[in-house]
Amino acid sequence: MTAKLFPEVNVSLDELRALQVKRLRETLHRAYDGQAPYRAKCVAVGVHPDDFRSLDDLARFPFTSKEDLRDAYPFGMLAIPRERCVRLHASSGTTGRPTVVGYSARDIDTWSDLMARSLHAGGARPGDIIHNAFGYGLFTGGLGAHYGAERLGCTVVPMSGGFGERQVQLISEFGARVVLMTPSYMLAVADEFERQGIDPRTTAMRVGLFGAEPWTEGMRAEIERRLGIDAVDLYGLSEVMGPGVACEFVETKDGPTIWEDHFYPEIVDPETGAPVPDGAPGELVFTTLTKEAMPVIRYRTRDLTRLMPGSASVMRRMAKITGRSDDMLIVRGVNLFPSQVEEQILRDPALSGHYVIELTRTGALDDLLVRVEARVVLDGAAAGRSSAELGRRLKGMCGLSAAVEVASPGAIERSMGKARRVIDRRPR
């Protein structure tokens, strides 16, 4: 059990809450003293770190958003001199300026420990060969997972994404027991196993930790069925740390346990920002408790989920991400998330997890097209049945009429990282 190798997971609830209060007080002072943009937000609402006396007081402090990080580009959110940063990561910046995250040497050390804890919870063990197909570079996934795997005492294959044939070759020939990548890319690797005529169950692969994009229970079942492995949910985001903020225990697979000794979670109403009680759905918000170079206070992740009681630990779990508030599609006045479409697709054993949603507009009306691959080549009658059934389920689920196109295997473009699920061609 993870608690034996990482005893801090086995802390009592009283000890955890006392530690959170202590670390929150320190973090609020660190942000207020070192981050001029956040200090200005506190002054604007008349709150000071000395006003924090209990966990309930955190709600008095202002949020941090991705826009705040972009506005402070590149180094305005650092709480330490830039010279003390040993590493910088950044988002892709596809919508403008990237968000830059700095790390001190102590931050990298903490991150390595937490990723090692996550990997062990997810089923990795010292001595395992870990095939790491998360992207390296400015994206936090590759290096974050890499350092944690080495900290756990594993042998790392730093493969990164792409090169499907080589992914299969190295997983098979090097004897990787654990694989790390996005869930959508795991399906692409599964396709490559089939193309080469290799049964993945004959390899040493037994566990996969998947993250960096929302994925459904249907996707988990698809991965486990096709590859014969345990598919474990790994959660993180660059602005808070990177991968390793939370992870499922392989024994339970009942939602990622948040490492609450380092990250304090809240759920808020995405419209009003008001906190909601545990168990209620809303937007996930994080305050870092131990980050030195760039603490974030009440960071709005835009991920939609709910908090649940701990199972393998007193630390709370988060339900699977249902989507992101900024990824929500509004189609003919109806709110729709790609994960809802995926859930309906994977109810049909004839359809695969490779799909794309295309939005266009005719006159004043939105048109919704779902293109999805069949698992095998279907004749016209079978494709028609799957198309009609999926259209019926989508109509029953959200009230929207959708055109459904069942494509042949391999017809939809594969992604080496996060899958592109939506193509919105509607005029802005």
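Two strands are taken to pair if DSSP finds at least two bridges between them. In the predicted model described here, strand β12 (residues 299–305) and strand β15 (residues 323–324) are joined by two bridges and run antiparallel. One of the contacts between them places L304 opposite its bridge partner in β15, G323. Strand β12 also pairs with strand β11 (residues 282–288), again in the antiparallel sense, and this pairing extends over four bridges. Here G282 stands opposite T305 of β12.

These pairings belong to an open sheet of four strands, arranged in the order β10-β11-β12-β15 with antiparallel pairing. Strands β10 and β15 form the edges of the sheet, each pairing on one side only. Strand β12 is mostly covered, as six of its seven residues are buried.

Aromatic contacts involve two strands of this sheet. A pair of aromatic rings is described by the distance of the centres and the angle of the planes. Five aromatic pairs were counted in the model. In one of them, the rings of Y235 and F286 have centres 6.3 Å apart and planes at 35°; the pair is therefore classed as tilted, given that the tilted class lies between the limits of 30 degrees for stacked and 60 for edge-to-face. Because Y235 belongs to strand β7 (residues 230–237) and F286 to strand β11, the contact ties together parts of the chain that are 51 residues apart in sequence. Y235 is buried, with a relative accessible area of 8%, and F286 likewise counts as buried, at 0% relative accessibility.

F286 takes part in a further aromatic pair, with F263; this one is edge-to-face, with 6.4 Å from centre to centre and 70° between the planes. The F263–F286 pair also links distant parts of the chain, since F263 lies in strand β10 (residues 263–268) and F286 in strand β11, 23 residues apart. F263 has a relative accessibility of 2% and counts as buried, the threshold being under 20%. Through these ring pairs, Y235, F263 and F286 are linked into a cluster.

Two arginine side chains are placed over aromatic rings. The charged end of R117 sits over the ring of W259, at 4.9 Å from the ring centre. In the case of R300, the charged end sits over the ring of F63, and the distance to the ring centre is 5.0 Å.

The interior of the model contains two cavities of 30 Å³ or more. The largest cavity has a volume of about 80 Å³. The residues that line the largest cavity are Y103, D107, T110, W111, L114, M241, H262, F263, T288, L289, T290 and K291. F263, a member of the aromatic cluster, is thus also found in this lining. Helix α5 (residues 105–121) gives the most to the lining, with four residues. By class, six of the lining residues are nonpolar, four are polar and two are charged.

The second largest cavity holds about 60 Å³ of space. Its lining consists of L69, A72, Y73, P74, F75, M77, L78, T99, V100, V101, G102 and M294. Strand β2 (residues 100–103) provides the largest share of this lining, three residues. Ten residues of the lining are nonpolar and two are polar, and no charged residue is present.

Among the open sites, the second largest pocket has a volume of about 350 Å³. This pocket is lined by 17 residues, and I412, E413, R414, S415 and R420 lie nearest its centre. Helix α8 (183–195) and strand β18 (351–362) each supply at least two residues of the pocket lining. Strand β18 gives the most, with four residues. The lining of the second largest pocket comprises seven nonpolar, four polar and six charged residues.

Methods: Residues numbered from 1 in each chain as written. Heavy atoms only, no water. 1 Å grid on protein atoms, 1.4 Å probe; cavity = no way out; pocket = protein on both sides within 12 Å on 5 of 7 lines; lining within 4 Å. Points joined across faces, edges and corners; volume = space filled by probe spheres on them. Nonpolar A, V, L, I, M, F, W, Y, C, P; charged D, E, K, R; others polar. Buried < 20%, exposed > 50% of the residue type's maximum accessible area, 1.4 Å probe, protein only. Phe/Tyr/Trp six-rings, centres within 6.5 Å; stacked < 30°, edge-to-face > 60°. Lys NZ or Arg CZ within 6 Å of the ring centre and 35° of its normal.
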